[in-house]
Every structure is written in C-alpha cells, then in structure tokens.
Amino acid sequence: GEFRLLDFDRLSVLGSGNGGTVHKVSHRRTSALYALKIIHRGHPGAADEVEVVRRVDSPHIVRCHSVLPTASGDSALLLELMDGGSLDSLVGGGFPEAALAEVAAQALSGLAYLRSRRVVHRDMKPANLLVSKTGDVKIGDFGIAEVVSRAGKYRAAYEGTAAYMSPERFDTERSRDGGVDPYAADVWGLGVIVLELLMGRYPLLPAGQKLTWAALMCAICFGELPAIPDGASSPALRNFVAACLQKDHRKRASVADLLAHPFVAARDVAASRRALCQVIEERCR
Ligand code: ATP
Ligand code: MG
C-alpha cells in the first residue's frame, strides 16, 4: 500500500480499550492527521475486526484508509481522525433535542448501511460513536462486529458491553440458533445511547447504582424504562426511544422504520446539525 507505519509521528493517545490503543498520528510528508488503532495480535477477534473494516465504506462509518502490519506482528488500522472525539465525552452536559435527532439520524444511516453489507456491530454505545466538529456522526470500533450469513446467523464469538446489550442477547442460546433478527440488537443500543445523552447518565439503572452484570441483566430484561419527564422531551423523542427499547425484539422498530420516524424524518436538518456542532464545540473547549 501507499502508507507505512514509519511514515507517521505519534502525537497523543486518543483512547484505549480491550483491543488495543488508538493514537493521534500525523503523516510526516503531508502533515495529514489520522487516528491509528493498534490491535494486538493475541486479542481474540482481531482478525474479524480487520475483515469487517475492509468490508465497509460509507460516509456514516469511520473510514479505514489502510491496514498496516507492525514489527511485532500486530495490525494497525489507519483511520480517519474524528476531531470531535466519541460521544461518551459528551454525556452529562445537557443535550438539546435537535442535536439528539441529528445523532440518531446519522447513526441510523450508518446502521442501514451496515445492514446492506450484512454486518452487525454488536457494540453500539456512546464511546463507539464518533463525531467531527463539522457535525458528522460516524459508527466506529468494529472490535466485536460480525458478518451475518444469508441464513441470518453469525458466530457471536464475543459479548458486548452488558450495559448496552439487548434483552435477547442475554439469552445466548436463542440468539445463536438464528431465530432472532441479529440487527435488532444494534437498534436497542442506539435507543440506550439516545436516552443516555438525554438523561446525562447511564439510563437503565438508578443514578449511582453499580453496573454489575446481574443488576444490568435484571434491569434490561425485566425492568421498566425510566420515566422521562414530559417537560424534558417531546412526545416524538419519547416514542422514538420506546420504539428502540422494545424488549421483545420482534416488536422492536427496524432501522428502516426509525429512519421514517418523525423524530428524525421531520427534524429541521440544518438546525439539528447546528445544534450538534454547538454541543461539540462547547465540550471541546
Ligand atoms: P474494543 O472495543 O475493540 O476494545 P476499543 O474500545 O479499544 O476497542 P475504539 O473504540 O475503536 O477501540 O477506540 C477507543 C477510543 O479511542 C474511542 O472511544 C474514541 O474515544 C477514540 N477513537 C477511536 N477511533 C477514533 C478516531 N477515528 N478518531 C478519534 N478518536 C478515536
Ligand atoms: Mg470502543
């Protein structure tokens, strides 16, 4: 390829997780900035992540320009730099509804694209939605994504973060046998993301409660949705969230349904984008 690892200077660390570390880097000759995600060879799922990022290319997915080998045998993904960071850093400071509608609309476009490529993301959460200062929202981190077979099955090799897992995914036997729409879990995750940004904290457990696996499983599979005060949101937003967070995956809205939902379809696109840019700008200061 045209890029080599030694052509880049590492500037700072943008984030790190189970899979590896993400650095902000600059290309020496062009001074162009990128994000470089090192995936450790020993990490289970490393090969899957590379396979999936090679399979996808869309304005609503964080673009991978190149997959580079490292001296130690790891892989490095050269990603487009999202200069607004990830949405987890925007939780807690208030999020106007117009900006939320923009996040939802663009994330749904990303999910619609993934569906067209038969990819399930399986790790939809604020830390994995990235934004630019110009108001683009893109899905990133394909660390546990899977390609779905034509029969609707996938390997489900690794669990996602329990806090964002849909009820049917706690029932692993059932999810594996192909009787469940695999794409419905990503819609659930989007619902949790929207509610978290709205409420300013993880929404499915009471404030302050520890996010243990057992508490999360109970709340997600059997608990009621938190009440959103009428004054704090429009009926369209509450209806949108409820449609995403239907516990029964067969009743949950599909990505196509949600793209036509008034909360996103009837938004003022220019105003929503401006509202989102403002949230990002305030938080980047
Ligand atoms: P895994 O979930 O597979 O363990 P991870 O969580 O370590 O992966 P990512 O989610 O891809 O890896 O990246 C970790 C963090 O780094 C993100 O939450 C985000 O804050 C930052 N980051 C990742 N990619 C980019 C990017 N392209 N531009 C800017 N920041 C990024
Ligand atoms: Mg991540």
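User: Why is D141 called buried in this model?

Analyst: In this predicted model, D141 has 24 other C-beta atoms within 10 Å, and since a residue is counted as buried when 20 or more lie within that distance, D141 is buried. D141 is found in the loop between strand 8 (137–139) and strand 9, and its phi is near 60°, a positive value in a residue other than glycine.

User: Which residues come nearest to ligand 1?

Analyst: Of the 24 residues around ligand 1, those that come nearest are G15, G17, G19, D141 and G143, so the buried loop residue D141 is among them. The elements giving two or more residues to the shell are strand 1 (8–16), strand 2 (20–27), strand 3 (33–39) and strand 5 (75–80), and strand 1 provides the largest share, three residues.

User: How do the residues of that shell divide into nonpolar, polar and charged?

Analyst: The shell around ligand 1 has nine nonpolar, eleven polar and four charged residues, where glycine is counted among the polar ones.

User: What makes R122 a buried residue, and what is said of its phi?

Analyst: R122 has 25 C-beta neighbours inside 10 Å, and because the cut-off for a buried residue is 20 or more, R122 counts as buried. Its place is in the loop between strand 6 (119–120) and strand 7 (129–131), and the phi of R122 is near 70°, which is a positive value in a residue other than glycine.

User: Why is V147 called partly exposed?

Analyst: V147 has 14 other C-beta atoms within 10 Å, and because partly exposed residues lie between the limit of 12 or fewer for exposed and that of 20 or more for buried, V147 is placed in the partly exposed class. V147 is found in strand 9 (residues 146–147), and, leaving aside residues up to four places away in sequence, V147 touches V52, R55, R118, V119 and Y154. The C-alpha atoms of V147 and G93, which are 54 residues apart along the chain, are separated by 36 Å.

User: How do you know which class Y202 belongs to, buried, partly exposed or exposed?

Analyst: Y202 has 19 C-beta neighbours inside 10 Å, and as a buried residue needs 20 or more and an exposed one has 12 or fewer, Y202 counts as partly exposed. Y202 has its place in the loop between helix 5 and helix 6 (213–222), where, not counting residues up to four places away in sequence, Y202 touches A163, E196 and L211. Along the chain Y202 and A71 are 131 residues apart, and their C-alpha atoms are separated by 40 Å.

User: What makes helix 5 largely enclosed by the rest of the structure?

Analyst: Of the 16 residues of helix 5, 15 are buried, so the helix is largely enclosed by the rest of the structure. Helix 5 reaches 23 Å from its first C-alpha to its last, close to the 22 Å expected at 1.5 Å a residue, and the helix is followed by G200, whose phi is positive, near 80°.

User: Which residues touch the most other members of the largest nonpolar core?

Analyst: Among its 73 residues, L100, A104, A107, L190, V194, L197 and C244 touch the most other members, and the largest share of this core, eleven residues, comes from helix 5. L190 touches A104, A107, L111, M124 and C244, residues up to four places away in sequence not being counted.

User: How do you know that the buried residues of helix 7 line one face?

Analyst: The buried residues in helix 7 (residues 235–244) are L237, F240, V241 and C244. Seen down the helix axis, they fall within an arc of 95°, so they line one face of helix 7. What covers them includes helix 2 (97–116), helix 5 (184–199), helix 8 (255–259) and helix 9 (262–265).

User: Why is the length of helix 10 said to agree with what is expected?

Analyst: The 16 residues of helix 10 (residues 269–284) should span 22 Å at 1.5 Å a residue, and because the end C-alpha atoms are 22 Å apart, the two values agree.

User: Which residues of helix 10 are buried, and what lies on the other side?

Analyst: S272, R273, A275, L276, V279 and I280 are the buried residues of helix 10. Seen down the axis, they fall within an arc of 160°, so they line one face of helix 10. On the other side of helix 10, A270, E281 and E282 are exposed, while what covers the buried residues includes helix 2 and strand 7.

Conventions:
Residues numbered from 1 in each chain as written. Chains lettered and ligands numbered in written order. Predicted model: local features only at pLDDT ≥ 70, side-chain atom pairs only at ≥ 80, totals over all residues. Helix = DSSP H or I, 4+ residues; strand = E, 2+ residues; numbered from the N terminus. Arc of directions from axis to C-beta. Contact = placed C-beta atoms within 7 Å. Core = buried A, V, L, I, M, F, W, Y, C linked by C-beta atoms within 7 Å. Expected span 1.5 Å × (residues − 1). Near = placed C-beta within 6 Å.
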